[in-house]
Structures are given as structure tokens and as C-alpha cells.
Amino acid sequence: MDNPIVLQNVSKLFTHPMKIWQKVEAVSNLSITIRKGEITGIVGHNGAGKTTTLKMIMGFIRPTSGTISLFGKEAGSPEALQHIGFLPEHPYFYSHLTAWEILTYFGSLSGMSSKNLATAKERVLKKVGLYNDKDRPLRTFSKGMLQRIGIAQAIIHDPELIILDEPMSGLDPAGRREVKELILELKKQGKSVVLSSHILSDIEILSDRILVLTKGKVESWGTLKEIIPTSSVQWIFSFDVPDSEKDALFAEIKDIKMDGAQLSIVKQSKQEMNETIKDILSRGYDVYSAGPVYPTLEEIVFEKKEVNNA
Amino acid sequence: MRNILTVARFTFLEMVRNKILYALLFFAFFVIGLGIAITQMTIGDNLNVISDIGLGSVEMFSTIIAIFMGVTLIHQELKMRTIYLLFARPIRRWQYLAGKFFGMSLLILIEIIFMALILEGLFIAYGGPEKIITYLPAFYSIFLQTMTVIAMAVLCSSLTEIVVGAILTIAFYITGAISYNLQYALDSRISESAMKMVTMLRYILPDFSYFNIKDNLVYGRGLEGINLWVSTGYALTIIVILLSASLVFFNQKELL
């Protein structure tokens, strides 16, 4: 089967809401390939183009230029949508229908037979913890419950690709953990998952590859290690010094940090760290550990924002 | 076909549970009740007065429901963003539109049957249970007219916002309902160019005189000069044209 998602030079221009003669570029020249069986995280600040990108992938809006294919089929075509499950940001439902009915509705539209649908509804409702609430109208559901039913409808037809826009929104910590486990389970089943989230730690934990968007452009794309700027990696080692000699050493070396009984030094490059380790060893002290410290995704995204704003 | 039926089924379910519908139905019964109270004060055939008021109420409330639910039919989905969940499925936009239309039409059909049963209760009470049979073509005709109004409401709401769409639908409905009589009433009293405009309106807008048979039936003229096949054909043609036009606009629409 073809790659789940291929975007080639995709751009989207919108008319400026106040100045209709002006165009605003929401997504600019985006080219990425999302591979089968991987979890892809899309991050970026508000207005970065995350939701616009997902809407173009789903075929809700058309790109101004470029092409999008899903499993080799045109985005938005019924042939492509057959294989996709989608959870929009802040999903709304038909308030007078029950959880059971809404799954019947969307499952039927996905071409499921009545027999398959009956077992699938029970399975997914149990999975998202809503089986006991299956006959309640959705207007009586809390925000977290609506998010869960949103996830249930996205996976009811056992799609190959699941696209989740802010899946953790409205969930409590326990709910977030369950959704994370569910996403990892989907990956184990060989499904491809694309998720966008403002909770960067979730994206960092879950994603095989991360797409960082800034003002509609690709800021970074790859595994977490690949997207870390080399300048952001720091090198740290820890060592021990007798209490009686600490003051003298602190006076001599300014960047020593104290973490409980242990001391550590952070350097900007591996070479610098190695030289400092040699110095410490030559003084007869013991070095315990040494290695790189990678920034978190949050630090990377914020660092990029600051650079862009500068 | 399965997609259309599925959308129709759940459109009907969602709407039939809407409290606004019951409020409108309650109001319809209130108006019929009021009409009956008035019959006690009038001289003449009570059954005819009940028929007149009853059929008039069925027509009026079916049209009101069709206009207000018709204009919100698609808008509500766009506003509440439920449309994202639907169009994430392998369904084509025309199937969605057709399903919505049929779901809404089913709702109106049930509403008409329900009100007809209430009317039959009154006919039984006033000693004319067989009257309802005479009026079956009128109920059918009201149903055809209401389906046309739904299609008109869907088109108007796909062109503009809900309120403007409702105003446009009401305006077109009223014009379409009176254009036939207007043409003949104004004949020779207005200038030739004004007459041409009235005639043009008759041909551009749906002409609801095709569905106006209740007066004939209430006042004993039967189906004289009325061909239900022509009414049906006219309604279906207009519905297909209106829904096709809606589809053209709907297909262009980006789901922002």
C-alpha cells in the first residue's frame, strides 16, 4: 500500500478577513511524507497552520497549490477517506443522539455491515470507557466524555490512518493517560497516527516523527533527535570533591552546580566537556557520569519562537 | 443509496427529538382548538369550518417547520462543526444533501400524518369521519408543497446566513403562493411591463398554485381541473432544480 500521506509543495492562501484584496498564507510550500505504522506529531503555536494542514489532508479545504495524496488517492475522495479515522479539534455531536446511535451513524457511513458494526460499537465503547453510557444522549455528556466518543467514532471502522486534532483536549490526567495508551496500542496494531497537540510533552513521548510548523512553514521535520538544533545540546558530567576542598574549587571554576552531594558542570560542546573532565581528573577527583543533555520539545519550540520573534 | 438512507435516518432522529418541533406542534393544536371554538360561534356547516381551519393549519405549520428547520439543516452542521465528522467518511456531498432532504421530508410527512389524525378525531367528534378520505389529496398536496419549501430553504441557506436565508425563503414562498392569483387579479389593471414582471416571477419562482387544492375539496368542487400527476411532476422538477443549485454552491464551499 502507498504511504498514508504525501504532501507535495502544498500551500494555502486565505483572503484577509479585513482587507479582501490581501491574501494571507496559512501554509507555505509544505512537502512531507508520513510513513506507515508511525506516529507523527504536529506542533506549532496558534496560527502556525496545524489545523489548516489537517483540514487539507481531510479534503475539507482545497490547497491553493500543490498536491496531497492519501494511500495514493486524492485527498478528500471517498476512496481515500475509506481508510481514515478523524477526530476534529473540540468535536461537536448531534446532541439528541445517543453514543450508540452516533457510532451506528458514522460506522454505517464508513460502509460497515450491521453485524460488524454491532461488535465494533461494543468494542470501542468499552475501550474508551463509555459502554455504560451508551444509551445516554450526547447532550448530557461532559467535555471529556465527548472527547472519548470522538475518539471512538474515529476508530470504529478500524481505519489504517487515524488523524487526531488535539485528542487530549478536555481530558483529565487519567483520561490523557488512557488516550496515550490507546494511541500506542494503535501503533502496535500497525496503524499510522497523526496527532496535533498543544501539550508538547505528549507529542514528545508518543511521536516517532515530529513536524514543527511556524507561520505555515516547516520549521523542523524528523525524529526528535533530528530536529534538535546542534547548538541546543549541552554536555554534562558529575563528579565528587571532598567537602574541605569544595570552596577552593568553587572559587576557581565558576560554572559548578551543586545537586545534593554531587557536583556537576554543564558545557556547550563535547570538546569543552572532555577538557574540563581531564582537568577534574588531574586534580584527583572522581568523575561519575558524562553525556549529552537534549532539550525537550517545548524548549525547542519556544527557542525557535524566540529566534523568529527576534 | 445506503449513505443517503443513513443520513436521512439520523437527520430524522435528531430532528424528531428537537423540542422546537414539539413547541410548533403544540402551537398548531392550539390554533386548531381556537378554530373549533370559533366554529361554535358561526352559522353554517361545522365540518366545513373545521376542515378549512384544520387543513389551513396543517399547511401553515408544515411550511413554518419546513422553513425554519430547512434553513438550519446545513447551517447548523457547519456552525456546530458536526460536518467535519460526516465528511471524514466516504460520503459525497450530493449524498449528504439528498439524505438531509429526505430525512427532513420524512419528518414533515410524519408531522402531516399526525396532524391529519388529530383532524380525523375532530371529524369523528362532529359526525363526519369519512371526511378525511376526501381530504387525502389535500394532505398529499401539502406534502409536495412543503418538500418544495424545504428545497427552497436549503438553497437560500446555502447562499447566505440563517436569518437572511429564512427571510428569503419566506419572501419567495409568499410570492410563489400569490403570483398566480396576482397575475389574474392585476390583469388589465397594470401596465404591460409590470404584467410581464409578474408573469416572469411566476416562471422563475416555484408556483405554489399547483398545490392549492384544499379549497376545491372543502367547498365540494372535488378534484375538478386538478391533475395530481402534474402537481407531483412539477414538485419533483422544482425540487431537483433547487437541490442541484444548492449542490453547486455547497460543492464550492470550503469547510473552514
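Which residues of chain B make a nonpolar surface patch of about 540 Å²?

## The patch on chain B

In this predicted model, the patch is built from F27(B), F30(B), L34(B), I38(B) and M41(B). Take I38(B) as a sample member: you'll find I38(B) in helix 2 of chain B, which runs over residues 19-39. With a relative accessible area of 40%, I38(B) counts as partly exposed, because partly exposed covers values between the 20% and 50% cut-offs.

## Where the two chains meet

Now for the interface. Chain A puts 37 residues in contact with 29 residues of chain B. Together the chains bury about 3200 Å², and carbon and sulfur atoms give 57% of that area.

On the polar side, there are 14 residue pairs in polar contact between chain A and chain B, both residues being at pLDDT 80 or more. The salt bridge count between the chains is 3. One salt bridge pairs E101(A) with R17(B), and their closest N and O atoms sit 2.7 Å apart. As for which parts of chain A do the touching, the elements that each supply at least two residues include strand 1 (5-15), helix 1 (50-58), helix 3 (99-109) and helix 5 (143-155). Helix 3 of chain A gives the most, with 6 residues.

## A buried threonine in chain A

Back inside chain A, have a look at T40(A), which belongs to strand 3 (residues 39-44). Is T40(A) buried or exposed? T40(A) is buried, because its relative accessible area is just 1%, under the 20% cut-off.

Leaving out residues up to four places away in sequence, T40(A) touches I34(A), V193(A), V194(A), L195(A), S207(A), R209(A) and W221(A).

Definitions and conventions. Residues numbered from 1 in each chain as written. Chains lettered and ligands numbered in written order. Predicted model: local features only at pLDDT ≥ 70, side-chain atom pairs only at ≥ 80, totals over all residues. Heavy atoms only, no water. Patch = residues over 30% accessible without salt bridge, like charges linked within 9 Å, V, L, I, M, F, W, Y side chains within 5 Å. Areas by Shrake-Rupley, 256 points an atom, 1.4 Å probe, with all protein chains shown as cover. Salt bridge = Lys/Arg side-chain N within 4 Å of Asp/Glu carboxyl O. Helix = DSSP H or I, 4+ residues; strand = E, 2+ residues; numbered from the N terminus. Buried < 20%, exposed > 50% of the residue type's maximum accessible area, 1.4 Å probe, protein only. Contact = heavy atoms within 4.5 Å. Buried area = accessible area lost by both parts, 1.4 Å probe. Polar contact = N/O pair within 3.5 Å; in protein donor to acceptor, adjacent residues only side chain to side chain.
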